[in-house]
Amino acid sequence: MKKILIPIITVLIIGTIIGLSTLHRTLHRTPRATTTTVHKSRVIQQPQPITETTIAKQPALKYSCIIYYAIKHLKIQRWQEVSDFSLGWQVEIYTDQGQTKYLVWSDKHIKADAKQLQPNWFTLKNDQVTYDSFGVHTFKKDLTATVSMRTILAQIKRDHATKTVRHMPTNLVIKDHR
């Protein structure tokens, strides 16, 4: 019996020593630095919608809306001549018989000697934009279309093109000759 008791007591003593030392290390261990994982959700911020109030305060944005609509939705073919967004646009403003005309040239850096052909233009009256284009090599009347600013702004929203249109004024030069 003594032979069985000694190994059992020895195992209990060794187990107690190991248990106490493990408990001591656990209690007096320096705390590990905890890492917090931060999950940043990617929120794509939508640009503010373009409103009638906004364009009333920002003429360049208004002209950009009008040009965008002409390029993307107008059925007058010559307006495609100004469809290169990288070249930009030059808008020249004149008064003709009491009506303000906005001539639209492709290329914000266009020089006078390159302005040989009559450009596209538009006029504004109340909420209406009247687009006009001279028919090249034809004896027909000018091609025209009238669209409300509300329709233009609604179409920009439907196209999800607010960001594009808000960027257009950076490529737009306005020359006011009134």
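**A mixed sheet and its helices**

Hi everyone, let's start in the middle of the sheet: strand E3 (residues 120–125) and strand E4 (residues 128–133) pair in the antiparallel sense over five bridges. Pairing here means that DSSP finds at least two bridges between two strands. Across that pair, Phe122 stands opposite Tyr131 in E4.

A word on the source: this is a predicted model, where local features need pLDDT of at least 70 and side-chain atom pairs count only at pLDDT 80 or more, while totals for chains, interfaces and linings use all residues. Residues are numbered from 1 along each chain as its sequence is written, and side-chain values use heavy atoms, with hydrogens and water left out.

Now, the whole chain has five helices and six strands. Those are DSSP runs numbered from the N terminus, with at least four residues (H or I) for a helix and at least two (E) for a strand. From the N terminus the order is α-α-α-β-β-β-β-β-α-α-β.

How are the six strands ordered in the sheet? They form an open, mixed sheet, E5-E4-E3-E2-E1-E6. Strand E5 (143–148) and strand E6 (172–176) each have a single partner strand, so one side of each has no neighbour in the sheet.

What about the helices? Helix H3 (residues 59–73) lies across E1, E2, E3, E4, E5 and E6, at about 115° to E6. Helix H4 (residues 149–158) lies across E4 and E5, at about 80° to E5. Those angles run from 0 to 180 degrees between N-to-C directions, with axes fitted to C-alpha atoms, for helices over the stretch in contact, and contact means heavy atoms within 4.5 Å.
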